Amino acid sequence: MLLLFDIDATLLKTSGVGIKAILDAGRELHGERFTADGIETAGRLDPLIIADMLRRSGLECSRPAIERVRAAYHRHLERWLRTPGAAYALPGVHALIAELRRQDLATLGLLTGNYPETGRMKLAACGIDERQFHVQVWGDESPYDPPARDHLPPLGLGKYRARHARDLPAAHATIIGDTPHDVRCAKAHGLRALGVATGPFSVDQLMAAGADRAVESLSDTPGLSRWLLSAESATA
Ligand SMILES: [Mg+2]
């Protein structure tokens with residue numbers, strides 16, 4: 001069994017410093033014309049968010065241009081995350097992960113739009129050890145151009161196979177995320193989706209997007225661990 005957690009607004013929040021850091025990065029490179037206005041970020045891949053900002057700012061959005069913003073973003077995020085209280089784990093997250101590890105029935109993983117270096121930095125800032133997530137799929141790993149979140153679940157199943165030397169049926173993997181993007185990428189490949197309404201979307205919106213279940217938060221440790229660990233019995 002494989003449980004793939006989204007990061008932003010699922011495991012943790014960063015009080016907007018992620019966007020502030022990208023904005024600082026863009027402005028360091030391109031001046032005040034660099035803008036994040038009107039760019040949707042929730043549930044999207046970092047390379048797509050940066051590409052949209054470059055385009056919106058009237059700048060060239062080649063791969064090297066995106067990589068330059070990425071490198072500067074890394075530096076600025078490190079600084080922003082030192083703001084006391086900016087990054088925090090969401091209610092129930094530490095307890096749920098501890099319980100899932102205690103039961104030891106599932107491989108824990110990450111499936112996120114973050115770049116690895118900045119995603120890991122956010123987790124560390126919240127006291128979440130990224131090494132307990134043995135399958136990690138990051139926002140820069142799509143093999144296609146343009147990249148999309150929908151490309152990521154098969155990579156997660158492939159990494160599971162590489163680690164355990166056996167195939168995992170898609171229905172034995174669950175994506176836990178806060179946006180319809182998380183839900184849709186799971187359902188597009190036959191994975192289960194648990195929506196969590198700690199981001200911009202409600203339980204109803206996440207259910208409407210196709211989630212198998214949606215909850216207000218990850219606070220119900222016994223109920224959620226039972227449901228998350230039920231994939232194999234439910235689908236066997
Ligand atoms: Mg999210």
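**Notes on the cores, the domains and a helix pair**

1. Let's start inside. In the largest nonpolar core, which has 42 residues, Leu-4 and Ile-175 are the ones that touch the most other members. Keep in mind as you look around that this is a predicted model.

2. What is Leu-4 in contact with, once its neighbours within four places in sequence are left aside? Try finding these in the viewer: Gly-109, Leu-110, Leu-111, Val-135, Val-137, Gly-156, Ala-173, Thr-174, Ile-175 and Ile-176. There's also a second, separate core, made up of 20 residues, and Ala-25, Met-53, Leu-81 and Ala-125 are among them.

3. Now zoom out to the domains. The assignment for this chain puts 2-14 together with 87-235 as domain 1, while domain 2 covers 17-80. Measure between their C-alpha centres and you should get 25 Å.

4. Where the two domains touch, domain 1 supplies 20 residues and domain 2 supplies 14. On the domain 1 side, α5 (116-125) and α7 (180-187) are the elements giving two or more residues. That side is a mix: nine polar, six nonpolar and five charged residues.

5. Finally, have a look at helix α2 (residues 46-56) and helix α3 (residues 63-80), whose axes come within 10 Å and cross at roughly 110 degrees. Angles of 65 to 115 degrees count as roughly perpendicular, so that is how α2 sits relative to α3.

6. Which residues meet there? From α2 you have Pro-47, Ile-50, Ala-51 and Leu-54, and from α3 Ala-65, Ile-66, Val-69 and Arg-70. Sorted by class, the α2 and α3 contact has seven nonpolar residues, one charged and no polar ones.

Definitions and conventions: Residues are numbered from 1 along each chain as its sequence is written. This is a predicted model: local features need pLDDT of at least 70, side-chain atom pairs count only at pLDDT 80 or more; totals for chains, interfaces and linings use all residues. Axes are lines fitted to C-alpha atoms, for helices over the stretch in contact, and angles run from 0 to 180 degrees between N-to-C directions. Helices (H or I, at least four residues) and strands (E, at least two) are DSSP runs, numbered from the N terminus. Angles under 35 degrees count as roughly parallel, over 145 as roughly antiparallel, 65 to 115 as roughly perpendicular and the rest as oblique. Two residues are in contact if their C-beta atoms, placed from the backbone, lie within 7 Å. Ala, Val, Leu, Ile, Met, Phe, Trp, Tyr, Cys and Pro count as nonpolar, Asp, Glu, Lys and Arg as charged, and the others, Gly among them, as polar. Domain bounds come from an automatic or database domain assignment. A nonpolar core is a set of buried Ala, Val, Leu, Ile, Met, Phe, Trp, Tyr and Cys residues joined through C-beta atoms within 7 Å. A residue is buried if 20 or more other C-beta atoms lie within 10 Å of its own, exposed if 12 or fewer, and partly exposed in between; C-beta atoms are placed from the backbone.
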